[in-house]
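Visitor: Please show me the model, and I will ask about a few of its local features.

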Amino acid sequence: MPAIERMLKENAIGQVLEIRMRGKEDARGGAQDLWVLGAHLLNLATFFGGAPKACTATLFQDERPVTKADVKEGAEGIGPIAGNAVHARFEMERGTPVFFDSIVNAGAKGSGFGLQLIGTKGIIDLRFDTEPLAQLLPGNPFQPGKEPRAWIPISSAGPGQPEPMADIKVAVSSHLLAARDLLAAIHEDRAPLCSAADGRTVIEMIMAVFESHRLNGQRVAWPLTNRQNPLAQWT
């Protein structure tokens, strides 16, 4: 994350136009994907885009808009959910729009799971469970080039540099780095890099998706006036 921050400050991909995210889009595609896996992506989006300011979203069940009759108790203890397709757009503090989409059993399942920073001079792609964890594709993404473009791995040392951290994939996917940071935060009397407040923001973003759909796609702004699960209220 610090390496990518440096790249953005050094204009590696030019002006960041949008942040794109997709879930794993397996059998959990849609609202469950948003809850279980999208939460990680939304947290990343706030790291790069700042605090959320507003959300507009639509939920679909088998290609038709979700109604209150579609609300059911979700698996994995996530409470009321509805919809096997989600399309959401967030307005963010730093002005870059953020998009989250998930469709049940879409294409090559899991292939889109991640976050992309799309800029005028390139794309930075972030993943959770593959190594390298991030890659850079130079060049304007909206202008096809005459020559093939190659993805450049981004390590914690920077683009195209060998990874100095041993077993970084295991340390990330097994949550070892997060656990070490939490222990360090206790000893140093500081908030962890991913704090409880950050977790609350992610939950609010998911609730805003449900609330926007419940209000027929209306723009839902922060601070949220509805502090409960909108799908639970809908029933």
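The turns below deal with backbone angles, peptide bonds and exposure.

Visitor: What kind of model is this?
Guide: Local features need pLDDT of at least 70, side-chain atom pairs count only at pLDDT 80 or more, and totals for chains, interfaces and linings use all residues, as this is a predicted model. Residues are numbered from 1 along each chain as its sequence is written, and side-chain values use heavy atoms, with hydrogens and water left out. The model is predicted.

Visitor: Is Glu25 buried or exposed?
Guide: Glu25 sits in the loop between strand E1 (16-22) and H2; helices (H or I, at least four residues) and strands (E, at least two) are DSSP runs, numbered from the N terminus. Its phi is near 55°, a positive value in a residue other than glycine. Buried means under 20% relative accessible area, exposed over 50%, partly exposed in between (1.4 Å probe, protein chains only). The relative accessible area of Glu25 is 5%, so Glu25 is buried.

Visitor: Is Asp167 buried or exposed?
Guide: Asp167 lies in the loop between strand E12 (158-159) and H3. Asp167 is not a glycine, yet has a positive phi of about 55°. With a relative accessible area of 60%, Asp167 is exposed.

Visitor: What is omega for the cis peptide bond that joins Trp222 and Pro223?
Guide: Pro223 is placed in the loop between strand E13 (220-221) and helix H6 (230-234). For the cis bond from Trp222 to Pro223, omega is about -5°.

Visitor: Which residue does a cis peptide bond join to Glu131?
Guide: The partner is in the loop between strand E9 (122-126) and strand E10 (134-138). Omega is about 5°, and the residue joined to Glu131 is Pro132.
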